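The following exercises concern aromatic rings and their surroundings. Please work through each task before reading its solution.

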Amino acid sequence: MCGIVGYVGDRNVYDILIKGLHRLEYRGYDSAGVALETPEGKLNIYKARGKVSNLEDFCKDKDLHASAGIAHTRWATHGEPSDNNAHPHYSQDGRLALVHNGTIENYKVLKDALIEHGCEFKSETDTEVLVQLIEYIKITNKCSLIDAVREALNQVQGAYAIAVLEKDHPHEIIAARKSSPLVIGIGKDEFFLASDATPIVEYTKEVVYVKDGEIAVMRKGEGLKLLTLDNVEAQIDVAELQLSISQLEKGGYPHFMLKEIFQQPETLLDCIRGRVVDGGKTIKLNGVEDNQEVFKNARRIIIVACGTSWHAGLLGKYLIQEMCNIPVEVEYASEFRYNHPVLFDDDIVIAISQSGETADTLEAIKIAKRHGAFVYGISNVVGSSIPRETDSGTYIHVGPEIGVASTKAFTGQVMVLTMLAMCVGRLRGVLSEEKVEEIGKCILEVPELVKKVLELNKDIERLSAIYTYAKNFLYLGRGYSYPTALEGALKLKEISYIHAEGYPAAEMKHGPIALIDAEMPSVIIAPYDHLYEKIVNNVQQVKARGGSIIAIVSEGDNEISKIADHVLEVPRVPECLTPLITSIPLQLLSYYIAINKGKDVDMPRNLAKSVTVE
Ligand code: G6P
């Protein structure tokens with residue numbers, strides 16, 4: 001949510017910032033801006049509403065020479081998307097420029113106090129309050145920028161990642177973080193700064209992840225300096241970046257989303273590599289192995305997550321209850337943090353997050369830890385905040401996911417939850433060796449089966465044309481197919497802006513059935529499983545009301561296929577693995593409907609990939 005880039009050094013500052021903003025555009029794209037400091041110490045700020053390309057157009061005839069710069073792509077929180085509200089923001093005397101990611105919760109109180117002291121504000125943002133506050137402290141206390149930043153940050157409540165430039169300091173950037181990610185790339189006589197490592201990867205592999213409550217001082221020609229909010233020098237831990245540029249490009253696909261859908265055979269293979277071993281007889285998850293007693297003795301598991309990750313979590317409930325016989329609750333992290341959670345010290349909290357940065361999930365983790373629960377993380381982004389905050393965990397290892405609508409991360413999360421349930425089920429003696437081997441063998445086949453499902457691509461593209469007219473969709477499933485239905489509906493909503501509801505198929509008769517008519521298609525997820533006969537009845541109920549039906553069924557199906565208007569056949573797998581297979585056609589269907597409607601699938605309106613605000 002909002003992306004920050006910074007650079008100080010001898011390269012072309014503007015080019016690095018713009019390229020970096022493009023990489024971070026998935027975090028927000030309603031306005032963008034740059035602050036460039038010339039070697040002579042002059043500060044120039046350029047901003048434009050809309051995507052980074054608008055900013056580039058705006059900057060065409062501007063003075064772009066610089067020795068340091070900071071830039072920002074915004075996802076609006078305080079104040080509408082506009083040129084004025086875009087970052088960077090100037091301080092009153094124009095000597096400071098600041099970009100900010102996060103929210104300053106006490107901005108109103110601070111703003112009122114600053115107005116009393118004669119400050120005038122040009123925007124509605126909480127960010128401008130911060131830059132004015134820093135300036136006010138700097139002038140009043142006659143102190144350095146670093147001291148003023150530290151003092152100001154000690155006064156603000158909320159979350160932030162910031163970067164500041166000061167007029168007449170052409171070779172310096174000051175940055176800081178609390179609850180919003182920030183990473184520094186270290187080059188030769190130069191520093192890169194960004195919300196994640198993607199803008200940095202082509203210049204250096206040496207990175208430092210700034211920790212909560214740290215202020216970074218980047219001065220050309222000097223070593224990196226990290227200070228705490230109490231003005232104590234902090235240790236610098238340099239990490240090696242495990243990321244390649246090709247992972248960040250579209251690789252011949254028209255959109256990242258399509259690339260990521262088609263990557264799933266490989267990403268699932270990467271996810272199970274070294275974890276499903278001995279031909280499927282053994283499941284090895286270090287996070288579980290290292291904490292055997294905790295998993296053996298757990299009385300309850302609570303899963304916290306948001307969005308698509310929450311849907312994966314719901315599948316986790318079905319998997320863990322079936323394979324481990326442990327009660328599982330699944331909570332939206334945003335609700336969990338405020339619903340007075342009752343936790344015991346033999347509870348395990350599993351936090352699921354692709355980005356590893358979602359603010360609500362991070363807060364839920366902190367609450368769980370305060371209550372003494374053991375917290376296990378399932379994340380994709382190595383080195384992100386959630387893996388660092390949790391007691392143990394597993395990476396899904398599906399590579400960078402850039403399309404805002406999550407696809408390969410979802411199947412990676414479901415795969416990790418499947419392996420986790422098997423591991424823990426075996427550990428607790430609920431799952432027999434034979435059962436583990438039976439499922440384990442099938443897991444090894446999943447990547448190839450997903451490849452086969454992807455062969456439906458052309459059929460789904462054709463099918464999508466028939467249904468692009470629809471204003472509403474119903475997605476129905478039972479058992480493991482119910483969370484899959486929720487996820488299918490979410491995918492369609494996110495990128496095509498068609499209203500879609502996921503429902504447990506049997507629950508439909510208690511309400512949504514009233515919506516069904518010839519205009520409202522239903523997507524029914526009905527692979528062969530122990531609820532198959534039951535869902536046949538639900539399909540009949542839709543048909544009887546004149547609704548059209550797209551059914552996702554197992555190969556060889558001969559009941560639902562006869563009733564549905566359109567059928568997509570997928571390979572048969574054990575029931576617990578069906579979501580890994582049936583979710584793929586749903587991803588493609590959403591993609592093509594959105595394309596037919598001319599929507600920007602990689603950057604859907606109002607959404608952002610990484611939600612670092614509450
Ligand atoms: C945003 C994204 C979703 C994602 C959700 C949770 O809403 O657009 O795709 O599922 O955040 O993100 P996380 O990184 O925690 O999985």
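**Exercise 1.** Which residues form one aromatic cluster?

*Solution.* The model is a predicted one. In it, the cluster is formed by Tyr7, Phe192 and Tyr203. The structure holds eleven aromatic pairs.

**Exercise 2.** Classify the pair of Tyr318 and Tyr480 by its geometry, then locate both residues.

*Solution.* Step 1: the ring centres are 5.8 Å apart, and rings pair if their centres lie within 6.5 Å. Step 2: the planes stand at 50°; under 30 degrees would count as stacked and over 60 as edge-to-face, so the pair is tilted. Step 3: Tyr318 belongs to helix α10 (residues 307-324), whereas Tyr480 lies in the loop between β22 (472-477) and α17 (481-496). With these positions 162 residues apart, the pair links distant parts of the chain.

**Exercise 3.** Is Tyr480 buried or exposed? Assign Tyr318 as well.

*Solution.* Buried means under 20% relative accessible area. Tyr480 has 3% and is therefore buried. Tyr318, with 26%, is partly exposed.

**Exercise 4.** Repeat the analysis for Tyr528 and Tyr532.

*Solution.* Step 1: the distance is 4.7 Å centre to centre, with 50° between the planes, and this aromatic pair is tilted. Step 2: Tyr528 has a relative accessibility of 25%, so this residue counts as partly exposed. Step 3: Tyr532, at 3%, counts as buried.

**Exercise 5.** Which residue has its charged end over the ring of Tyr497, and which lies over the face of Phe121?

*Solution.* For Tyr497 it is Arg605, 4.0 Å from the ring centre. For Phe121 it is Lys111, at 5.0 Å from the ring centre.

Terms used. Residues numbered from 1 in each chain as written. Predicted model: local features only at pLDDT ≥ 70, side-chain atom pairs only at ≥ 80, totals over all residues. Heavy atoms only, no water. Phe/Tyr/Trp six-rings, centres within 6.5 Å; stacked < 30°, edge-to-face > 60°. Helix = DSSP H or I, 4+ residues; strand = E, 2+ residues; numbered from the N terminus. Buried < 20%, exposed > 50% of the residue type's maximum accessible area, 1.4 Å probe, protein only. Lys NZ or Arg CZ within 6 Å of the ring centre and 35° of its normal.
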